Amino acid sequence: MRLSVPPMLYLGLTGALSLILLSPMRLEVWQLSADRLTRIQFPASATPLKPATAGDLEPDGEIESVALVAGHAVIRRSDQTLWESPPAWRVIQAAITDLNQDAQPEVALLVWRPFAPWPIDAYLPHPGRISGFRDSQGQSCHLILIGWHRQTYAELWAGSAMADPLTAFASADLDGDGRQELVALESRYGASGPARFVTVWEWNGFGFTLVARGPEGRYVGLMPVLDPSGHSRLLVSQVPRSVK
């Protein structure tokens, strides 16, 4: 898989050192071991695993890129727009990943869009099992994978409305098996401020299965890093509960 990565840091941890100096933020390093997230000693040095925003998506030897423009995701090659997210979507994060484990890069999007029930609800005697998975404005949170399929860009996979919305995600091989896991900050509908949990998910062939959920906290950022031994870890930032 051919990917190129821009020189940028990730999400709320951009300028992590300045955050330490200017705020009561606490930084921790976690590892995934035996399907558990555990805190480890802060390494003497670590290399950020920066999110990819360019790669050969089609694949044809040409490089495409993804960018966010006023809440919309745009896939481009040079100055040519190849795909743009629908107007009803509010995209809060975009990255090039291989979360569906097909050895071909795709664009992963974290999206808010109008809630829609399961189509099968129209035929069930007791529908509405996901009816609460939305905010007061009727918007629900989704992870959507966009990729090259049958000579066009299309949804390779789109999850139903999430039971608990995400505020950020990353992709990294945390267990060393050569495949990317989905790492995310998990919140609640209607909540503001920090997320509640750090979660790790793996692709099961049809969707994502929860691997691990860390302890409840007030999380504001995450960034995969390589420690000096070459293992992928998580740099997690959170606000202590004593800080309002």
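Reader: Buried means under 20% relative accessible area, so what percentage of the protein chain do buried residues make up?
Author: This is a predicted model, and in it buried residues make up 45% of the 244 residues in the protein chain.

Reader: OK, and how many helices and strands are there?
Author: The protein chain has one helix and 18 strands.

Reader: What about the surface, how much belongs to carbon and sulfur atoms?
Author: The accessible surface of the protein chain is about 12600 Å². Carbon and sulfur atoms hold 53% of that surface.

Reader: And contacts, what percentage join residues at least 24 apart?
Author: That would be 51%, counted among contacts in the protein chain between residues at least 6 apart in sequence.

Reader: Let's talk sheets. Which strands form the open one?
Author: Four strands form an open sheet, and they come in the order E13-E14-E15-E16 with antiparallel pairing. Strand E13 (166–172) and strand E16 (208–213) are the edge strands, each pairing on one side only. On average, neighbouring strands of this sheet are turned by 30 degrees against each other, direction ignored.

Reader: How many bridges link E15 and E16?
Author: Five bridges, in the antiparallel sense, with strand E15 covering residues 197–203. As for one residue there, Trp 201 has Leu 210 in E16 as its bridge partner.

Reader: Switching to E11: is it mostly covered or mostly open?
Author: Mostly covered. Strand E11 (residues 139–149) has eleven residues, and eight of them are buried.

Reader: What does E11 pair with?
Author: E10 joins E11 through eight bridges, running antiparallel, and E11 joins E12 through six, also antiparallel. On the E10 side, Leu 110 stands opposite Leu 143 in E11. On the other side, the bridge partner of Ile 146 is Glu 155 in E12.

Reader: Which residue takes a positive phi in the hairpin of E11 and E12?
Author: Arg 150, with phi near 55 degrees; that hairpin has two residues between the strands.

Reader: Now rings. How many aromatic pairs does a search of the whole structure find?
Author: Seven aromatic pairs. In one of them, the rings of Trp 112 and Tyr 189 have centres 5.7 Å apart and planes at 90 degrees, so the pair is edge-to-face.

Reader: Why does that pair tie together separate parts?
Author: Because Trp 112 lies in strand E10 (residues 106–114) while Tyr 189 lies in the loop between strand E14 (181–186) and E15, so the tied parts are 77 residues apart in sequence. Both Trp 112 and Tyr 189 are buried.

Reader: How are the rings of Trp 157 and Phe 208 set?
Author: Their centres are 5.2 Å apart and their planes at 80 degrees, so that pair is edge-to-face. Trp 157 sits in strand E12 (residues 152–158) and Phe 208 in strand E16, so to speak two distant parts of the chain, 51 residues apart.

Reader: Buried or exposed, those two?
Author: Trp 157 and Phe 208 are both buried. Together with Trp 203, Trp 157 and Phe 208 form one aromatic cluster.

Reader: Last one: what sits over the ring of Phe 197?
Author: The charged end of Arg 213, 5.4 Å from the centre of that ring.

Key: Residues are numbered from 1 along each chain as its sequence is written. This is a predicted model: local features need pLDDT of at least 70, side-chain atom pairs count only at pLDDT 80 or more; totals for chains, interfaces and linings use all residues. Side-chain values use heavy atoms; hydrogens and water are left out. Two strands pair if DSSP finds at least two bridges between them. Axes are lines fitted to C-alpha atoms, for helices over the stretch in contact, and angles run from 0 to 180 degrees between N-to-C directions. Rings of Phe, Tyr and Trp (its six-membered ring) pair if their centres lie within 6.5 Å; planes under 30 degrees apart count as stacked, over 60 as edge-to-face and the rest as tilted. Buried means under 20% relative accessible area, exposed over 50%, partly exposed in between (1.4 Å probe, protein chains only). A charge sits over a ring if NZ of Lys or CZ of Arg is within 6 Å of the ring centre and within 35 degrees of the ring normal. Contact means heavy atoms within 4.5 Å. Accessible areas come from the Shrake-Rupley method with a 1.4 Å probe; for residues, only the protein chains shown count as cover.
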